[in-house]
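Take a walk through this model from the whole chain down to single residues. Start with the view below, then follow the text.

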Amino acid sequence: MAHNPLLDRLKAYQLQDAVKPKALIEGRLVRMVGLTLEAVGCNLPVGSYCNIESATGQPIEAEVVGFSGDRLYLMPVGLAEGLRPGARVTPNQRALQVPVGFHLLGRVLNGSGQPLDSLGPLIADDYVSLNGRIINPLQRDPISQPMDVGICAINALFTVGRGQRLGLMAGSGVGKSMLLGMMTKFTSADITVVGLIGERGREVKEFIEHILGPEGMARSVVVASPADDPPLMRLRAAMLTTSIAEYYRDQGKDVLLLMDSLTRFAQAQRELSLAVGEPPATKGYPPSVFAKIPQLVERAGNGPAGGGSITAFYTVLTEGDDQQDPIADATRAILDGHVVLSRRLAEEGHYPAIDVEASISRAMPQIVSEAHLRRAYRFKQIYARYQQNRDLINVGAYTQGSDPETDFAIAKMPQIRDFLRQSLHASVPLRQSWHQLEALLQA
């Protein structure tokens, strides 16, 4: 058949007609109250992203967090500077993907996955969703193996299981960050992922340089979102921390996830929810806060049998040392145990200031022997008996010989205190912790 140039031109025109350009949807900014922005003219779903024109020339990224009628409620991801009435609002079509990979080890990121250190651009092996994926609970590998965290008291009395999720509950200034740093350096996990959410900016560098150190940092990824970040950035930092840990778990690694703190995550969600008009419920926390916490926490844990795991510690700031704080109460119900730090012990110079009576590991009966479990319970009984008579003993009102159990507790107390104390730079492995507990009770 002879070549027909006219036919080729007609086919080219048909192809151009088939790919019709999509209409560009634009809205405009009509209201700004606090951090909440209101826009009209954009029909976007909740959770999508858009760019807002600013006077600085640099567009401001915002997320759709709600709507009312034809108005969208937006929350800026970064600082909202240079906004003006009627500013153009355009959809941002990029999917919310975050960088992951083994090249992230030793790096410090912000809530958007951008580097905060001066080590150059990130090299990503893959990109994953910030929201993670749901694992069928019947496909998760049960908690059956212990995880060494290097802390004698936790290893021996509240043995942590591979894939367990625990809360670290304390007021301010009793050593939560120091304990996290010790676990980061001494753990037997392959990789550590640390999320510093809503803490003081000064603490970020101090944690990395003085607490974590070069040894801990070499096998860690740190995600930092200080207190002066917008609430949406703090929420994203917590989810990014979990997404990175999920990636390493899917690669078959045992991951230790440390998040400081879950309370700041809840407070960021409270700021966002109240800003869009959600009514407060328990002590100013809207209902969505108590729905968000399980969504974040349930992403940690074991993967399918034969795969990796995420063993997670979430710090919970108990305001006024009140263990009935709404966030502390809610997290106790959904976590697999909790370690409580005592201000009284911290004031006495007892570190780590672990309250033996108030702490528990729910997975411990499944991962240690019956003999070790009996020894841990016996230790708690001796410690509790001394604490019950502590005031009488201190004022000299207790008479030796009145109660053999109390006499035994008094005799053992110096050894118990030595057992519970630990230097910041000393690691006590799992087996050594168990042998020390056995020797203490047999002596």
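A salt bridge is taken here as a side-chain nitrogen of Lys or Arg within 4 Å of a carboxyl oxygen of Asp or Glu. By that rule, 0 salt bridges cross the interface of domain 1 and domain 2. Keep this in mind; the interface returns below. The model is predicted.

First, the whole chain. It has 443 residues, and 51% of them count as buried. There are 14 helices and 19 strands. Along the principal axes, the C-alpha atoms fill a box of roughly 110 × 55 × 40 Å. Take the contacts between residues at least 6 apart in sequence: 72% of them join residues at least 24 apart.

Now the division into domains. Domain 1 covers residues 27-91, and domain 2 covers 97-371. Their C-alpha centres lie 31 Å apart. In the interface, 12 residues of domain 1 are in contact with 9 residues of domain 2. The size of an interface is often given as the accessible area lost when the parts come together. Between domain 1 and domain 2 that area is about 890 Å², and carbon and sulfur atoms give 72% of it. On the domain 1 side, Val65, Met75 and Val77 supply 46% of the area buried against domain 2, more than any other three residues.

What polar pairing is there between domain 1 and domain 2? The count is 1 residue pair in polar contact, with both residues at pLDDT 80 or more. Strands β4 (60-68) and β5 (71-76) each supply at least two residues of the side of domain 1 that touches domain 2. The residues of that side divide into 8 nonpolar, 2 polar and 2 charged.

Stay in domain 1, which spans 27-91, for a look at Gly86. This residue lies in the loop between β5 and β6 (88-92). Gly86 is partly exposed, because its relative accessible area is 39%. Leaving aside residues up to four places away in sequence, Gly86 touches Arg28 and Leu29. The C-alpha atoms of Gly86 and Arg31 are separated by 8.7 Å, although the two residues are 55 apart along the chain.

Arg31 leads on to the charged pairs. Side chains of opposite charge can pair when their charged atoms come close. The count for the rule given above is 20 salt bridges. In one of them, the side chains of Glu38 and Arg31 meet at 2.9 Å, N to O. Glu38 is buried, with a relative accessible area of 9%. Arg31 is partly exposed, at 42%. Arg71 joins these two in a network of salt bridges.

Further along the chain, Glu203 forms a salt bridge with Arg200, and the closest N and O atoms are 2.4 Å apart. Is Glu203 buried or exposed? Glu203 is buried, because its relative accessible area is 18% and the cut-off for buried is under 20%. Arg200 is partly exposed, at 48%.

Next comes the salt bridge of Glu209 with Lys205, where the closest N and O atoms are 3.9 Å apart. Both residues belong to helix α4 (residues 201-217); they are 4 residues apart, so about one helical turn separates them. Glu209 is partly exposed, at 46%. Lys205 counts as exposed, at 54% relative accessibility.

Turn now to buried helix positions. Thr184 has its place in helix α3 (residues 176-186). Thr184 counts as buried because its relative accessibility is 0%. Beyond residues up to four places away in sequence, Thr184 touches Thr192, Val194, Leu212, Gly216, Arg219, Ser220 and Leu258.

Helix α8 (residues 326-334) has Pro326, Ile327, Ala328, Thr331 and Arg332 buried. What covers these buried residues? The cover includes β12 (165-170), α6, α7 (287-297), β17 (309-317) and β18 (337-340). At the start of α8, a side-chain oxygen of Asp325 reaches to within 3.1 Å of the backbone nitrogen of Ile327.

Last, the backbone. A cis peptide bond joins Asp260 and Ser261, with omega about 10°. Ser261 sits in the loop between β15 (254-260) and α6 (262-275). A cis peptide bond also joins Tyr351 and Pro352, with omega about -10°. Pro352 lies in the loop between α9 (343-347) and β19 (360-361).

Technical notes. Residues numbered from 1 in each chain as written. Predicted model: local features only at pLDDT ≥ 70, side-chain atom pairs only at ≥ 80, totals over all residues. Heavy atoms only, no water. Domains from an automatic or database assignment. Contact = heavy atoms within 4.5 Å. Buried area = accessible area lost by both parts, 1.4 Å probe. Polar contact = N/O pair within 3.5 Å; in protein donor to acceptor, adjacent residues only side chain to side chain. Nonpolar A, V, L, I, M, F, W, Y, C, P; charged D, E, K, R; others polar. Buried < 20%, exposed > 50% of the residue type's maximum accessible area, 1.4 Å probe, protein only.
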